[in-house]
Amino acid sequence: MAESDQFTHAELDLPTGKISYLQGGNGPSLICLHHSWGNPGVLELHEKLATEFTVLIPDMPGWGGSERPLWARTVRDIAILVSHFANHVTDSAYHLVGFGFGGYVAAEIASMSESTLGSLVLVGAVGIQPREGEIMDQMMYSHRQYIEESFRDRDSYVSHFGEEPPQEMRELWDHSREMTARVSWKPYMFNRRLVELLKNVSVQTSLIWGEHDKVAPIDVAEQYRDALRNSQIHIVNNAGHVVEIEASGEVQDLIVAHCGAQLNQVSHGG
Amino acid sequence: MFVGYFTERPYQDQSSGYFGATGRSITDLTMSNSSYDPKLGADLYNRYLDEKIFAEEMGFDGLMLNEHHSTPFCMGGVMNLEAAILARITQRAKIVLLGNILPIWDDPLFLAEELAEIDMISRGRLVTGWVRGTGRESVAHNAAAPYNWERFQEAHDFIIKAWTQPGPYRWEGDHYHFRYVNPWARPFQDPHPPIWIPGVMSRNTVAWAAKHRYPYVMLATELEPTRESYEYYTEVAKEEGYETGTQHRGYLFKVHVDENEKLADEVGRKFVQGPSNPFLEGNQGTVRPFIQNLPGLTQRNNLLPTMRSFAAAASRGRAAQHKEEAAKEGKKVEPPKPDKPRDTYIDQTEKYSIISGTPDTVIPRVRHVLETLRPGSIFFWDGDGAMSHDDSMRSLRLMGSEVIPAVREMAKELDLKGPFEVDPQTNKPIENGDDTAASEESKDAS
């Protein structure tokens, strides 16, 4: 897991297994949940957010350096474990930001325990079946192809990972894909019950989507907006599914603006 | 020695544009079934059944079927149906299923019932074999790849119990749940049909088969890695406290026999033609590696020596890994050239992957295989690729009249006893287990 001067590596031992995470910055807690392909370490976006928040970046249970819960079968199992992690590493309500698959986990957490959340940000989240089209099925691509498709175009992918991603990164993707398959093989990347459950959720939610997201169709964002009564969609131009990489500055501004607006409520025990 | 006959039952559509060595190659799991012609399918299914009947008449001990899904190279998507038909229309030969893909069954009770019915209809001629399947099968039937091995083992345990423990009872496993297990069909054979395990690359499966004392049938793998894989089986057996014998070893290999060498060469080349088959070296079409290597399907680092072969690795979508491993060892890998079938055909004949010739040239080459591997069961893989019905029938006739009798003599000389002569579970001789008698009876009939 890549570290930076601002971030330190830590581990939380839970009876269900060790959870590895990065922590950096100061301020209210903000937890970032990674894509299905694992935690790439500290991104530019995380560094920027750490100027305003205490940023926590766990390897979700089963991914990266966190122990694999072999009994886990659903995304909801992962969401429960992540919420246990959050309860241990935060003192009060926390902001929750999920990217792609991490957004799916975040939405599941919101459906179960919104009282612990200061705000919610779903970035290119999956978890809801699109009414038209499909969530791009990574099982039908090589992990390299799939991640390339997560960028707005090939040039953008190459500028980030190079022509050939390093061995360490490919191993992370391979390892991550197995865990993804363990909990979301079928139905692939959605839970039909989630939309219904989210109708009772009122946490302030920002839905950030890349204009060229080929993984999670915009209809998914629209269904989240319709289900979550206090939500709005922000489209980021010239970005794909990995909008936080391709437009980190704009995403940072959106997250800070959204979560910052809730700070008052959080500091008052919201 | 147990001698079986096998073909993948390819969907041979001359008009498809995908047929033959110069046809368009097929990329795995990309070809729409909109071009499927059920009338042609009807002809082919009946042809392959007819060939099985003839194989029995020619003295084969076993008629082997296999199963793949959503692909034109194998029409055995519902192998158990073919087996049920063979159970009724054949008389003597074992019906060898290598094998049912356990992890893709969501209801293994249904499978236990089907196999028991086949065993009864055939009056105890079923040999049941179970496999984990390739990525293609996991995708086609949407079985979660990471649980493939767990489901394989649990389905196995469930079926054995369903066959051997009187019901009703509950089954609450990790992957299967039944509130009433009491199948009203039990196998004809007591306690159940023999179980053989076919495979290509997984050490886990070999070790598991050895622990259960199930014969392990290597599927058209190259000779030396196959021998080494058998040794691994033997090592595990020793740890389990028993000695292995030829009864624990099976081998499938490509054999075609014809009336003269020219014809044998011409028809032998058809192995690498026809609809693309990743398991027919040189005829691979385009395998999509990520489908064959679905996450969690097999352990990335627990493979048999058979994966040293580029063709075997490529058929399982591991060509890139194969090259990387070879590079680490300072070896240069030259993959076969699919656009030059002559090259790959010759290459395969040289390394005994394909044996094609007249009886005079085939018999010594088969002997080499038997001496090298010492299997108790062999299967001749023939009638495949672009081979016609006539090609298959000529070969079967010559196998029956010359090759099989010679193989039986060799087996006696080399002391190669099959699993119906020596019980793999006990290593004790089986009474009336000499398959020669059956062969003689068949020869008289022909």
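**Entry 1: a buried pair in chain B**

I began with two residues of chain B and found both R394(B) and D258(B) buried. This is a predicted model, so I read every value here as computed. I then looked at what joins the two: R394(B) and D258(B) form a salt bridge, with the closest N and O atoms 2.7 Å apart. Where do the partners sit? R394(B) belongs to helix α14 of chain B, while D258(B) is in the loop between β9 (249-257) and α8 (261-268), so the bridge ties together parts that are 136 residues apart in sequence.

**Entry 2: other salt bridges**

I looked up the total next, and the structure holds 35 salt bridges over all chains. I picked out a few of them to look at by eye.

- In chain B, the side chains of R136(B) and E137(B) meet in a salt bridge, 3.8 Å from N to O. Both R136(B) and E137(B) are buried.
- R170(B) and E172(B) also meet through their side chains in a salt bridge, at 3.0 Å from N to O. Is E172(B) buried or partly exposed? I noted E172(B) as partly exposed because its relative accessibility is 48%, and the cut-off for buried is under 20%.
- Over in chain A, I found a network of salt bridges that links R144(A), E148(A), R154(A), E163(A), E164(A) and R170(A).

**Entry 3: chain B as a whole**

I stepped back to take in the chain. I counted 15 helices and eleven strands in chain B. Of its 446 residues, 62% are buried. I also checked how far along the sequence the contacts reach: among those in chain B between residues at least 6 apart, 76% join residues at least 24 apart.

**Entry 4: the nonpolar cores**

In soluble globular proteins, nonpolar side chains tend to be buried together. With that in mind, I went looking for cores. The largest nonpolar core has 88 residues, and F60(B), W130(B), I197(B), F253(B), L370(B), F380(B) and V407(B) have the most contacts inside it. Which element gives this core its largest share? I found that helix α14 (residues 389-414) of chain B does, with eleven residues. Apart from this core lies another, of 75 residues, and I noted F85(A), W185(A), M189(A) and L297(B) among them.

**Entry 5: F60(B) and F380(B)**

I wanted a closer look at two of the core residues. F60(B) lies in the loop between α1 (38-57) and β2 (62-65) of chain B. I list F60(B) as buried because its relative accessible area is 0%. Leaving out residues up to four places away in sequence, F60(B) touches, among others, V3(B), G4(B), Y5(B), R92(B), F380(B), L396(B) and M399(B). I also took one distance across the chain: the C-alpha atoms of F60(B) and I346(B) are 28 Å apart, with their positions 286 residues apart along the chain.

Turning to F380(B), I again left aside neighbours within four places in sequence; its contacts include V3(B), G4(B), Y5(B), F60(B), F253(B), V366(B), M399(B), V403(B) and V407(B).

**Entry 6: enclosed space**

Last, I looked for gaps inside the model. Rolling a probe the size of a water molecule over the atoms shows where empty space is left. The search of the whole structure finds seven cavities of 30 Å³ or more. I chose the second largest cavity, which holds about 90 Å³ of space. What lines this cavity? I found 13 lining residues, with H34(A), P40(A), L43(A), H46(A) and F99(A) nearest its centre. By class, this lining has seven nonpolar, five polar and one charged residues.

Key:
Residues are numbered from 1 along each chain as its sequence is written. Chains are lettered from A and ligands numbered from 1 in the order in which they are written. This is a predicted model: local features need pLDDT of at least 70, side-chain atom pairs count only at pLDDT 80 or more; totals for chains, interfaces and linings use all residues. Side-chain values use heavy atoms; hydrogens and water are left out. On a 1 Å grid over the protein atoms alone, a cavity is a set of points where a 1.4 Å probe fits but cannot get out, and a pocket is an open set with protein on both sides within 12 Å along at least five of seven lines; lining residues have an atom within 4 Å of a point. Grid points are joined across faces, edges and corners, and a volume is the space filled by probe spheres set on the points. Ala, Val, Leu, Ile, Met, Phe, Trp, Tyr, Cys and Pro count as nonpolar, Asp, Glu, Lys and Arg as charged, and the others, Gly among them, as polar. A nonpolar core is a set of buried Ala, Val, Leu, Ile, Met, Phe, Trp, Tyr and Cys residues joined through side-chain atoms within 4.5 Å. Buried means under 20% relative accessible area, exposed over 50%, partly exposed in between (1.4 Å probe, protein chains only). Helices (H or I, at least four residues) and strands (E, at least two) are DSSP runs, numbered from the N terminus. Contact means heavy atoms within 4.5 Å. A salt bridge is a side-chain nitrogen of Lys or Arg within 4 Å of a carboxyl oxygen of Asp or Glu.
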